Amino acid sequence: MKLFIDTADLTQIKELASWGILDGVTTNPTLLARSGRSLQEVIDEIFHLVNGPISLEVVSEKAEEMITEAKGIVAKIPQKYRENATIKIPMTAEGLKAVKALSQQGIKTNVTLVFSANQALLAAKAGATFVSPFIGRLDDNGQEGMQIVEEIMEIFCNYDIKTEVIVASIRHPIHVIQAARLGADIATIPPEVIRKMVKHPLTDAGITSFLKDWEKVKK
Ligand code: G3P
């Protein structure tokens, strides 16, 4: 399973990339705004930090405008990193048209704001490289979010669909375990959840007790 980090915070990306566990990055306009950096500033650094797909989102609503915006984003990325460029496109009919055109032009796409297996199927049919079901927002809305991941994985497996499933809108470490058990290709995880994944109180207690005992031995 690949692990992406879901943030545009370059300090967090740098630190967590140094753990050797990151396979990619996802951002969105909200995360970009939270980082306090411009798109160009983030682009200038993010591709050096992680060697894997980096998702950057368009904000246009019409297919033609999305395509132009997507190409403009790719053009801002240094040539040597462009194979990692992934354009996030919202799950709408216009978005599907844009995905089709971009996939035909060899530009990777990540269809975002997916809330049903049917939406994921349509995105895959249009040629999406990735689909991003938003689990936490479904949970927040009183629906079992992971249920749609199960459905998407079953459907993609039935038809050997190559589009990769990114479990997104992850809220806590249990979401990551559930996504992995369902065979999702990728989980994109906020930095604070990755930091929770590394910790266990018994690990900390074990280290404390080993160090204490070592003090007795080394005398
Ligand atoms: O990758 C999608 C993610 O950024 C959305 O997460 O927490 O805003 O629902 P959230």
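**Exercise 1. The largest pocket**

Which element gives the largest share of the lining of the largest pocket?

*Solution.* The structure is a predicted model, in which local features need pLDDT of at least 70 and side-chain atom pairs count only at pLDDT 80 or more, while totals for chains, interfaces and linings use all residues. Residues are numbered from 1 along each chain as its sequence is written, and side-chain values use heavy atoms, with hydrogens and water left out.

Begin with what a pocket is: on a 1 Å grid over the protein atoms alone, it is an open set of points where a 1.4 Å probe fits, with protein on both sides within 12 Å along at least five of seven lines, and a lining residue has an atom within 4 Å of a point. The volume of the largest pocket is about 420 Å³, where a volume is the space filled by probe spheres set on the grid points. Its lining comprises 23 residues, and Asp6, Asn28, Leu31, Arg34 and Pro190 lie nearest the centre. Helix H2 (29-35) and helix H10 (191-198) are the elements that give two or more residues to this lining; helices here are DSSP runs of H or I with at least four residues, strands are runs of E with at least two, and both are numbered from the N terminus. The largest share, four residues, comes from H2.

**Exercise 2. An aromatic pair**

Determine how the rings of Phe4 and Phe130 are arranged, and where the two residues stand in the chain.

*Solution.* Rings of Phe, Tyr and Trp (its six-membered ring) pair if their centres lie within 6.5 Å, and the planes count as stacked when under 30 degrees apart, as edge-to-face when over 60, and as tilted for the rest. The structure holds three such aromatic pairs. For Phe4 and Phe130 the ring centres are 6.3 Å apart and the planes stand at 75°, so this pair is edge-to-face. The pair links distant parts of the chain, since Phe4 belongs to strand S1 (residues 2-6) and Phe130 to strand S6 (residues 130-133), 126 residues apart. Next, apply the burial classes, in which buried means under 20% relative accessible area, exposed over 50%, and partly exposed in between (1.4 Å probe, protein chains only). Phe4, at 1%, is buried, and Phe130, at 3%, is buried as well.

**Exercise 3. The two sides of helix H8**

Which residues of H8 are buried, and which are exposed?

*Solution.* First check the length against the expected span, which is 1.5 Å times one less than the number of residues. The 14 residues of helix H8 (residues 145-158) should span 20 Å, and the end C-alpha atoms are 21 Å apart, which agrees. The buried residues of H8 are Gly145, Met146, Ile148, Val149, Ile152, Met153 and Phe156. They cover an arc of only 150° around the axis and therefore lie on the same side of H8, the arc being that of the directions from the helix axis to the C-beta atoms. On the other side, Glu154 and Asn158 are exposed. With contact meaning heavy atoms within 4.5 Å, the buried residues pack against several elements, including strand S5 (108-114), helix H6 (117-126) and strand S7 (164-167).

One residue of S7 shows this packing from the opposite direction. Val165 lies in S7 and is buried, with a relative accessible area of 0%. Residues up to four places away in sequence aside, Val165 touches, among others, Ile152, Met153 and Phe156.

**Exercise 4. A helix in the open**

How many residues of H11 are buried?

*Solution.* Helix H11 (residues 201-217) has 17 residues and reaches 25 Å from its first C-alpha to its last, close to the 24 Å expected. The number buried is zero, so H11 lies largely in the open. For the protein, by comparison, buried residues make up 45% of the 219 residues.

**Exercise 5. Positive phi**

Where do Leu113 and Ser169 lie, and are they buried or partly exposed?

*Solution.* Most residues other than glycine have a negative phi. Leu113, which is not a glycine, has a positive phi of about 60°; its place is in strand S5, and at 32% relative accessibility it counts as partly exposed. Ser169 also has a positive phi, near 60°, but lies in the loop between S7 and H9 and is buried, with a relative accessible area of 8%.
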